[in-house]
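Here is a short report for a reader who is meeting this structure for the first time. Please keep the sequence and the model in view while reading.

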Amino acid sequence: MTLTARDPRAAFVLTPPVMPLERRVRGYDRPLVVLALALSLIGGLLVWAATRSASGESFLYRHLLNLGIAAALMVAASRLDARLLRLFGPIVYLASLFGLLLVIPAGTTVNGAKAWIRLGGGFELQPSEFMKLGLIVGMAVLFTRHDDRGDDAPPSTRDIVLALGLVAVPLALIMLQPDLGSAMVLGCAVFGVLVMAGAPARWTLGLLVCGVAGAILAVRLGVLHDYQLARFTSFRDPNHDPLGAAYNYNQAHIAIAHGGLFGKGLFHGPQTNSGFVPEQQTDFIFSVAGEEFGLVGAGLIIVLFGLLCWRGLRIARDADAAARLVAVGVVCWFAFQAFQNIGMNLGLTPVTGVPLPFVSYGGSSMFAQAIAIGLLQAVHRRSLT
Amino acid sequence: MADPRRPPTPRRLGIIVALVVSMMLTLFVRLYYVQLIDPHKPTQNAGLLHDGYIVVPAPRGLIVDARGRPLVTNTTAQVITVDRDLLQQRSDHGRAVLARLAVLLNRSASELAKEITPCSPKVPAPCWTGEPFAPVPVATNAPTATVLAISEHREQYPGVAVQTVTLPSYPNGSLAAQILGYASQITTADKKSNSALNDADSIGVSGLEEQYDAILRGVDGKQIVKLNPQGYTVKLGGSVAAQQGNTLVTSIDLGIQRLAEQSLAKQIADSRAAGKPATGGAVVAMDPNTGRILAVASYPTYDPELFVGGITNANYGALTDPSAGTPLLNRAIAGAYAPGSTFKLITSSSLVMHDEINTTSSYSCPGSVTIDGRVKTNFDSEVLGDITLRDALGYSCDTFFYQPTADEYYTDQARIDRGQKAHEYLQRMAAAYGVGTAPGVDLPAGEQAAGSYADRETRLARWKANRATYCEEGRKGYPDIADAADRAYLTALAKENCTDGWRYRAGDNADMSIGQGETTMSPLQLAIAYSALLNGGRIWAPTLGWAVVDAKGKVVQTIQPKVRDRVPVRQSLFDYITSALDFGRGWSVSGAFAYIGSKYQNRLGGKTGTAEVFGKGDTSWLVTWGPTYKQHGHTRAKFVLVGMVEQAGTGATAAGPMLKRVWDGILGTNRPVIPHARPESVLPKIAPQVKVMTR
């Protein structure tokens, strides 16, 4: 039992860290919920389309089951008192860090990255997904510690250095797995929080330059050995890539390119039905939308993500300092991960394994994202009261 | 910079909004382009399935002798393969099949499972380095019982197949093993240097197999497999048959080769029975008129079958073990030995051509000569009085050559004192005969010895490089050596080397004149030098390969030995030397001892050598040539034979009888091994290849 703030109507009773029941529905940002749900349901259809010919309905059912669990997690998270972030931040951060460490001795390797912890009953947990959440909340707390200087005061150099240290440990662990995609998403979310926290331009621009230089250096050094560059593009999964590093992308590109304006229709995509695109229900789910729903359907997914981010940023605008950082961090996370994932489907970004938020099949990512949406709701409701 | 009085929040939020909007817009624009505008949309050009290729390694070409008899052929072997795709499709992922197979092969199932898993950054060795869809060989040369067990119970072994592969085979056992060399598995380095190579190929890494690898390797075939998008085999497609490599015809004559090896082995046994160590030996037979090599024997030898399908570390260790005589070493071509008196051909050439002695005058052959205060004796301190060069060669007098070569040294020193360059006639003549230069035979460069001799320049260079070591050893005085006398000797030597090691002395020149000191040659180099004696002075870059014949039996390339050099010796001196060393002179020619009384004594000539080796028994040498005939009044011979036995005593006692047995074979006293007693001059007809299907 955690000690929490007291309810004014029951002065001497300790209450659990959740909202009273009668306030459960009040103050929800309904469009945000609707957008996330819409993406998840579209995701269900796409997962079904992608796996129907090989595995029947089993992936669809599990996606829906995941959705149910995710919904419950979202509701629970939304009922947390946003003021308690200060308490929860370190807990989520440390728990995720523990999970990442646990992966090293006890993890299972899926598609080349040792990133999963097997839970039994066919369930697996990917700590790096929860680390995104933990790090965003952790940094939000860190940057708003100094109430005496005012919530909006820009972080000091000491804070930024501390924050970067906080990021470096999980980032290194994730790179070790190796999961380049998750590491990049983590980096972008952290960058968003730093910008929003008002970190001086020399820090934000400096980190940006360092990041770009680091990436160029990595590719340049990789160019020295052909296989390293190929490994970068097929970083996540060398085994399913027997025809060269570009196979995944080429097949996804073919699928999307022939979708046209309205698509081939649900369950009528030849690329999807013949299983040409490896990992189509997870990282390449967008190619199903592109082939079967065309520009209209696939564009809708991008629009839905745009709207989702808009609602998130609206919440950020109205929130207090710590909560605003959480909201911005979550939005940056979703936005960049969506960009990274759709981008690799469209050949804009290198193939690194990250799922499309809400849409891709996969429990851990969906749960973490649901909790994030729940946190946004909690922030939103806190702003209303 | 931000205005310190105004919170940066709205502007910062603006940045975030801008970033998000730009990302979403970028995606949308790209999607729009890919789906509606892109004029070059990619198409699924592979249809529903795409092709994978399983390489069918080409059988290597044959190596045959000068009459078309096989030295290396191909044989077929049963290989058991496992198709991982088929196993994976089973409910237990093939565990039961692997377990049954493991029992049959007497191996562990987990080991088999590891072996058939394709390698990847996450899968360490042992793993399968080939294509993921290709069947993995798990047992080569499987016993018939195992093959039958699998073929008779196919239902028990789904995914397990028995394939036939070709492997090299040696119908004559260890015959000419070091010359033929061996082929081995492709390594990463090989693939880097030749991208056309495939893991399934083998590559020649020694001997003729290496030298003529490109000719012998052939062109790999392929089996096309239809793969689904996940990379699993759906069905087999067409196939392209492998083309066997071309046939290499060599100038090796199987008959002489076999005779030489048998005689060498018998001599080793005989010498050992006589109490000599006889650690190894070599025989070379060469055609002095064409530069073709007819036989190359080296003892100890080995069974080349050891290399088929990969040699074990233990076996390889045994083949390269010095205590076992390093059987892998081809002593005839890669070995360098003090040539002893056989070197007197070169010394005589130099002394006469530079008018330091002449062929008519007599010079003394005392029991010993003192040079720079050191006494140098004849073999057994023999005293022959005043003799001509003819007898000095025939009886092999050492002291005869000491005086003029020491004089040559002093003349050179006088030139140096006058500020002129030393002539070093003896060294120049040795170089002209090929000493110090690799013979350029068609074998890998690392498998032919260049031989050596000492001169002023190399002596000085070596001293400069090693002076520090000599001086240090002289100071320390070899504390590790127990024997006081040895210690004192080595210490004195090191001290002398420290101060005077650069000095080339008269004694060094005298040593060289009788093929001792730092003079070394390979048996092949001696054969080349004596070939020059019998062919008017031509130094061959000799060859083993004669022709390349393609699959249809057509000659596509003829390999011609090249004349590398001509020795600066007049024909009359060659004639003088051949007549001096004619076995018809009987007891006057030391090389003739083993041949006196034989039918063909008058048709041969030869020179013995007994080379002293520090700390070891004498190397026994004999160079012979024959059957001799006259051409334009000059002596010519059809063969030059060089025999060498390590630590076996004098040339007449070991190498003499050894070569006699070979001559008996060639000249038909026992059983003629070679028709008309002359080297084959017409290429054999090679029958067109029979197509060998390996799959």
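The report below goes through charged pairs, a buried glutamate, aromatic rings and two further buried residues.

## Basis

The model is predicted. Every value below is computed from that predicted model.

## Salt bridges

How many salt bridges does the structure hold over all chains? The count is 29. Side chains of opposite charge can pair when their charged atoms come close. B:R60 and B:E209 show such a pair, with N to O at 2.9 Å. B:R60 lies in the loop between β1 (50–56) and β2 (63–64) of chain B, and B:E209 lies in helix α8 (residues 207–211), so their salt bridge ties together parts that are 149 residues apart in sequence. Both B:R60 and B:E209 are buried.

B:K344 and B:D398 form another salt bridge, and their closest N and O atoms are 2.7 Å apart. B:K344 belongs to helix α13 (residues 344–353) of chain B, while B:D398 lies in the loop between α14 (389–395) and α15 (399–417), so this pair ties together parts that are 54 residues apart in sequence. Both of these residues, B:D398 and B:K344, are buried.

## A partly exposed pair and a network

Are B:R505 and B:E496 buried or exposed? B:R505 is partly exposed, at 26% relative accessibility. B:E496 is also partly exposed, with a relative accessible area of 33%. The two form a salt bridge, with the closest N and O atoms 3.5 Å apart.

Salt bridges can also share partners. In chain B they join B:D65, B:R67, B:R69, B:D253 and B:E680 into one network.

## A buried glutamate without a salt bridge

B:E447 lies in the loop between α16 (425–432) and α17 (456–476) of chain B. B:E447 is buried yet has no salt bridge. Which side chain of opposite charge is nearest to B:E447? That is B:R60, 12 Å away. A salt bridge needs the nitrogen and the carboxyl oxygen within 4 Å, so B:R60 is too far from B:E447 to form one.

B:E447 does have polar partners. Its side chain makes a polar contact with the side chain of B:S206, at 3.5 Å. A polar atom of the B:E447 side chain also lies 3.1 Å from the backbone nitrogen of B:G207. Beyond its neighbours within four places in sequence, B:E447 is in contact with several residues, including B:Q178, B:V205, B:E210, B:I333 and B:A334.

## Aromatic rings

Over all chains, the count comes to 17 aromatic pairs. One of them is A:F336 with A:F339. Their rings are 6.4 Å apart, centre to centre. The pair is tilted, with 40 degrees between the planes. Both residues sit in helix α12 (residues 321–345) of chain A, and because they are three residues apart there, they are separated by about one helical turn. A:F336 is buried, with a relative accessible area of 12%. A:F339 is buried too, at 15%.

B:W587 and B:F593 also form a tilted pair, at 5.3 Å centre to centre and 45 degrees between the planes. Here the surroundings can be read from accessibility. B:W587 counts as exposed, at 58% relative accessibility. B:F593 is partly exposed, at 36%. Elsewhere in chain B, ring pairs link B:Y182, B:Y302, B:F307 and B:Y316 into a cluster.

## Charges over rings

Which ring lies under the charged end of A:R52? It is the ring of A:F267, whose centre is 4.4 Å away. In chain B, the charged end of B:R467 sits over the ring of B:W463, 4.3 Å from its centre.

## Two more buried residues

B:W625 is found in strand β22 (residues 616–631) of chain B. B:W625 is buried, with a relative accessible area of 1%. Its C-alpha atom is separated by 9.6 Å from that of B:D287, and the two residues are 338 residues apart along the chain.

B:Q516 lies in the loop between α19 (506–513) and α20 (523–534) of chain B. B:Q516 is buried, with a relative accessible area of 12%. Leaving aside its neighbours within four places in sequence, B:Q516 is in contact with B:A338, B:G340, B:D511, B:T610, B:A611 and B:E612.

How values were computed: Residues numbered from 1 in each chain as written. Chains lettered and ligands numbered in written order. Predicted model: local features only at pLDDT ≥ 70, side-chain atom pairs only at ≥ 80, totals over all residues. Heavy atoms only, no water. Helix = DSSP H or I, 4+ residues; strand = E, 2+ residues; numbered from the N terminus. Buried < 20%, exposed > 50% of the residue type's maximum accessible area, 1.4 Å probe, protein only. Lys, Arg positive; Asp, Glu negative; His and termini not counted. Polar contact = N/O pair within 3.5 Å; in protein donor to acceptor, adjacent residues only side chain to side chain. Contact = heavy atoms within 4.5 Å. Phe/Tyr/Trp six-rings, centres within 6.5 Å; stacked < 30°, edge-to-face > 60°. Lys NZ or Arg CZ within 6 Å of the ring centre and 35° of its normal.
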